[in-house]
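Here is the note on the structure that you asked me to read, set out as numbered points. Please keep the model open beside the text while going through them.

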Amino acid sequence: MECITLTGISKGTIDELKRGIPRTVELISANNIISLASATVDTDIFLTSIDCEDIAIGDPGILVHLISSTISMKHTIEMNGDHIFERERLTARMKVKFVSIAKIKTAPACEFTKATVADIIRPTGYVAG
């Protein structure tokens, strides 16, 4: 199953999402924002704590359902004596809910100007009767 992949997500965030409660996550990484911009609401996204350049076959992560997302520009102005510094930072916020654990089936190409898409495997479980 191919899906949008967000990389470098903190293990704490992933652990919190595994509890099953929908959470809002803020992204500041450029490649993650580009990837999220390619995703549509009501689809599944793969999150992993591994950095994009280091992803390999079998790396773990979680599959989450995208409830909503917004991308916005934040402006800040700092005054230091006679100098005024204006900064802009692109951020994205997404509300997601845990679906299942998953692993990388084929490592994605890591291009910072395109969405990261990986082929993932969801484990199947069997219950003995």
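1. The protein has two helices and six strands, and along the sequence these elements follow one another in the pattern β-α-β-α-β-β-β-β. Please bear in mind throughout that this is a predicted model, and that every value given below is computed from that model.

2. As to overall dimensions, the C-alpha atoms of the protein fill a box of roughly 75 × 30 × 25 Å when the box is taken along the principal axes. The protein comprises 129 residues, of which 31% count as buried.

3. Turning to the pockets, the largest pocket holds about 160 Å³ of space. Its lining is made up of K11, I14, D15, K18, T48, S49, I50, P60, G61, I62, I101 and A102, and the elements that contribute two or more residues to this lining are α1 (11-18), β4 (60-80) and β5. Which element gives the largest share of the lining of the largest pocket? That element is α1, from which four residues come.

4. The chemical character of that lining is mixed, since its residues divide into six nonpolar, three polar and three charged.

5. Side chains of opposite charge can pair when their charged atoms come close. In this model the count comes to six salt bridges, and three of the pairs are taken up in the points that follow.

6. The side chains of E16 and R23 meet in a salt bridge, with a distance of 2.7 Å from N to O. E16 counts as partly exposed because its relative accessibility is 31%, which lies between the limits of 20% for buried and 50% for exposed. R23 is likewise partly exposed, with a relative accessible area of 31%.

7. A second pair is formed by K74 and E26, whose closest N and O atoms are 2.9 Å apart. This pair links distant parts of the chain, for K74 lies in strand β4 and E26 in strand β2 (residues 23-27), the two being 48 residues apart. K74 is partly exposed at a relative accessible area of 35%, and E26 is partly exposed at 34%. When inspecting this region it is worth including R93, as E26, K74 and R93 are linked in a network of salt bridges.

8. In a third pair, R87 forms a salt bridge with E78, and here the closest N and O atoms are 2.7 Å apart. Are these two residues buried, partly exposed or exposed? R87 has a relative accessible area of 42% and is therefore partly exposed, while E78, at 41% relative accessibility, also counts as partly exposed.

9. Finally, there is a nonpolar patch on the surface, formed by I71, M73 and L90, which together have about 250 Å² of accessible area. L90 belongs to strand β5 (residues 83-106), an element that also gives two or more residues to the lining of the largest pocket. Why can L90 be counted in such a patch? Patch residues need over 30% relative accessible area and no salt bridge, and L90, being partly exposed with a relative accessible area of 39%, therefore meets the requirement on area.

Technical notes:
Residues numbered from 1 in each chain as written. Predicted model: local features only at pLDDT ≥ 70, side-chain atom pairs only at ≥ 80, totals over all residues. Heavy atoms only, no water. Patch = residues over 30% accessible without salt bridge, like charges linked within 9 Å, V, L, I, M, F, W, Y side chains within 5 Å. Areas by Shrake-Rupley, 256 points an atom, 1.4 Å probe, with all protein chains shown as cover. Salt bridge = Lys/Arg side-chain N within 4 Å of Asp/Glu carboxyl O. Buried < 20%, exposed > 50% of the residue type's maximum accessible area, 1.4 Å probe, protein only. 1 Å grid on protein atoms, 1.4 Å probe; cavity = no way out; pocket = protein on both sides within 12 Å on 5 of 7 lines; lining within 4 Å. Points joined across faces, edges and corners; volume = space filled by probe spheres on them. Nonpolar A, V, L, I, M, F, W, Y, C, P; charged D, E, K, R; others polar.
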